[in-house]
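The following exercises introduce the reader to one structure. Each task is followed by a solution in steps.

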Amino acid sequence: MTTVVQFSGGIDSLVALWMHKGREDTCALWVKPDGAYPGAQERVEAACMAARLPLYIEYTKRELGAYGFPSDIVPLDATALGRF
């Protein structure tokens, strides 16, 4: 059985990645959105290489032109549900 660590590049997922460092039954997955920050892929690849884990990248499209960049904190009235 293979364990997959979903790695976002943040601190929490970096700790999870490091807990599986070098395990042969583990791989990392990064879901790369079309709005990823410049240099994000290089940092994710470097972390996975340091942890000696293979990295798989899934590309997604967020339609940034229609919805804008994602944010962790958004005023309620800036959301479709909040405007409803």
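The model is predicted.

**Exercise 1.** Determine which residue of β2 is the bridge partner of T3, and in which sense the strands pair.

*Solution.* Begin with the single bridge: T3 has T26 as its partner in β2. Next, consider the strands as wholes. Residues 3-6 form β1 and residues 26-32 form β2; the two pair in the parallel sense, over 4 bridges. Finally, add the helix: together with α1 (residues 11-19), β1 and β2 make a β-α-β unit that is right-handed.

**Exercise 2.** Locate H20, and decide whether H20 is buried or exposed.

*Solution.* First, the position: H20 lies in the loop between α1 and β2. Second, the accessibility: the relative accessible area of H20 is 17%. Because buried means under 20%, H20 counts as buried. Third, the surroundings: when neighbours within four places in sequence are left aside, H20 is in contact with T3, V5, T26 and L53.

**Exercise 3.** Establish which residues of α2 are buried and what covers them.

*Solution.* Helix α2 spans residues 40-50, and its buried residues are A40, Q41, V44, A47 and C48. These residues lie on the same side of α2, because they cover an arc of only 130° around the axis. The exposed residues E42, R43 and M49 are carried by the face turned away from that buried side. The cover over the buried residues includes α1, β2 and β3 (55-59). As a last step, follow the chain onward: just after α2, R52 adopts a positive phi of about 55°.

How values were computed. Residues numbered from 1 in each chain as written. Predicted model: local features only at pLDDT ≥ 70, side-chain atom pairs only at ≥ 80, totals over all residues. Heavy atoms only, no water. Pairing = 2+ DSSP bridges. Right-handed = clockwise from strand over helix to strand, strands pointing away. Buried < 20%, exposed > 50% of the residue type's maximum accessible area, 1.4 Å probe, protein only. Contact = heavy atoms within 4.5 Å. Arc of directions from axis to C-beta.
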